[in-house]
Amino acid sequence: MDRSSAAAERVYNFSPGPAVLPLEVLQRARDELVALPGAGISVLEISHRSPPFDRILEETLASLRALLGIGSDHEVVFLQGGASLQFSMVPMNLLRGQEGPAEYIITGTWGQTGAKEARREGAVHVAWDGVATNYDRLPGPGEVRVAENAAYAHVTSNETIQGVQWKHEPDVGAVPLVCDCSSDFLSRPIDVSKYGLIYACAQKNAGIAGVTAVIIRKDLLARSRDDLPTMLDYRTHVKNGSRANTPPVFAIYVLGLVCEWIRERMGGLEGMARHNAAKARLLYDVLDASAGFYQGHSQPECRSDMNVTFKLRDESLEKEFVAGATPRGLIDLKGHRSVGGIRASIYNAMPVEGVRALRDYMLEFQKGRGA
Ligand SMILES: *Cc1c(COP(=O)(O)O)cnc(C)c1O
């Protein structure tokens, strides 16, 4: 298969993660794969202590800092083990030895999983839990109560399975706010100064599996205790500039390319957010106009711009819906059973053309069913 036909073969990938990447990023990685400009060897072959990788790491860090407006109060490190390892590292570093509990605001499956791991480390208090309505909404004003002496308050900015997304930070007073940003990282601007710690795996919006970005306020590093395993201690990674051991070189390189794409092609995070909101609107408009043929999972004011979750009024049609989408080049639309049949993940790199194609298919599918 030659290069041009490979690009022409691409379908619209609605996978929740690993997910679609910008075509420009894939093409750039392809062009540079055999010999990284200036290095004469592949990025897959370079030492993590070589000058070319020094440059990649520096540029990726600088790009991330510029995009998110990260100030000097926060450190940024690139870790392995996915967002899932952060479910443990966060309480190991920030809860051990603290007086107050860790507060968890649970708006879906990932928040539940994070709280479960934190309980292995220390006292966890559930500040709010949306399980009663099957995680279809966020807490309203005044519904979240956190202890003043809490070690931290944990929130999931976008629940990937349920499709419920925070529009602004919850009010937790002076308690350090910790956020699992895995499925909306770099999809919109955030005010990092409001957070004690942010973590995000890259394979949803920001790149490929293998690297997890952790942004941590410097004063919180003082909480880590010396009895922690070296590699699970945030201080180790800060002190060694993300090179305490061999980092995921290629994943960091791709993260850098995605940051550059957002900055140069998408108008930074403001532009990215506009683009993402417009895409999501296209699909939610179909749900809202479908007279109940399509039923969105989340309450309208909590809807995610990343994962559009819905079921069909007639659940027996869902298999047919997914099967009929595939020949049109719309793949991986099957949702998670816990919320209903369909999930369209429309992360940063999903082009608007892909979303339009899905919208057109949804309209046609409904019409064909006489609804
Ligand atoms: C995907 C995801 C995770 C898990 O990430 P891994 O890198 O697979 O460990 C955690 N939280 C959220 C919100 C996610 O979307």
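Cysteines, helices and two loop residues

In this predicted model, the count of disulfides comes to 0. Cys179 takes part in none, and the cysteine sulfur nearest to its own, that of Cys181, is 3.8 Å away. A disulfide would require the two sulfur atoms to be within 2.5 Å, so the pair does not qualify. Cys302 is likewise in no disulfide; for this residue the nearest cysteine sulfur belongs to Cys179, at 15 Å. Cys179 is buried, with a relative accessible area of 1%. Cys302 is also buried, at 4% relative accessibility.

Helix H3 covers residues 51-68. At 1.5 Å a residue, its 18 residues should span 26 Å, and the C-alpha atoms at its ends are indeed 26 Å apart, so expectation and model agree. The buried residues of this helix are Pro52, Phe53, Ile56, Leu57, Thr60, Ser63, Leu64, Leu67 and Leu68. Viewed down the axis of H3, these residues fall within an arc of 135 degrees, and therefore line one face of the helix. Pro51 and Glu58, on the other side of H3, are exposed. Among the elements that cover the buried residues of H3 are two strands, S2 (74-79) and S10 (212-217), and two helices, H7 (249-265) and H8 (268-288). After H3 comes Gly69, which has a positive phi, near 60 degrees.

The two strands that help to cover H3 are also paired with each other: S2 and S10 run antiparallel and are joined by 6 bridges. Within this pairing, Val77 stands opposite Val214 in S10. Strand S2 is itself mostly covered, with 5 of its 6 residues buried.

On the N-terminal side of H3, the loop that connects helix H2 (23-33) to H3 contains Arg49. Arg49 counts as exposed, at 51% relative accessibility. The cut-off for exposed is over 50%, so this value meets it. Apart from neighbours within four places in sequence, Arg49 is in contact with Asp54 and Arg243. With Arg243 there is a polar contact: the side chain of Arg49 reaches the backbone oxygen of that residue at 3.0 Å. Ala251 lies 202 residues from Arg49 along the chain, and the C-alpha atoms of the two are separated by 16 Å.

Ser298 is another loop residue, placed between strand S11 (294-296) and strand S12 (307-312). Is this residue buried or exposed? Ser298 is buried, with a relative accessible area of 7%. Its contacts, leaving aside neighbours within four places in sequence, are with Asp136, Gly163, Val164, Arg303 and Thr309. With Gly163 the contact includes a polar one, in which the side chain of Ser298 reaches the backbone oxygen at 3.3 Å.

Helix H5, residues 109-119, has Gly111, Gly114, Ala115, Glu117 and Ala118 as its buried residues. Around the helix axis they cover an arc of only 165 degrees, which puts them on the same side of H5. The elements covering these residues include helix H4 (82-94) and the strands S3 (102-106), S4 (124-129), S5 (152-156) and S6 (158-159).

Terms used:
Residues numbered from 1 in each chain as written. Predicted model: local features only at pLDDT ≥ 70, side-chain atom pairs only at ≥ 80, totals over all residues. Heavy atoms only, no water. Buried < 20%, exposed > 50% of the residue type's maximum accessible area, 1.4 Å probe, protein only. Helix = DSSP H or I, 4+ residues; strand = E, 2+ residues; numbered from the N terminus. Expected span 1.5 Å × (residues − 1). Arc of directions from axis to C-beta. Contact = heavy atoms within 4.5 Å. Polar contact = N/O pair within 3.5 Å; in protein donor to acceptor, adjacent residues only side chain to side chain. Pairing = 2+ DSSP bridges.
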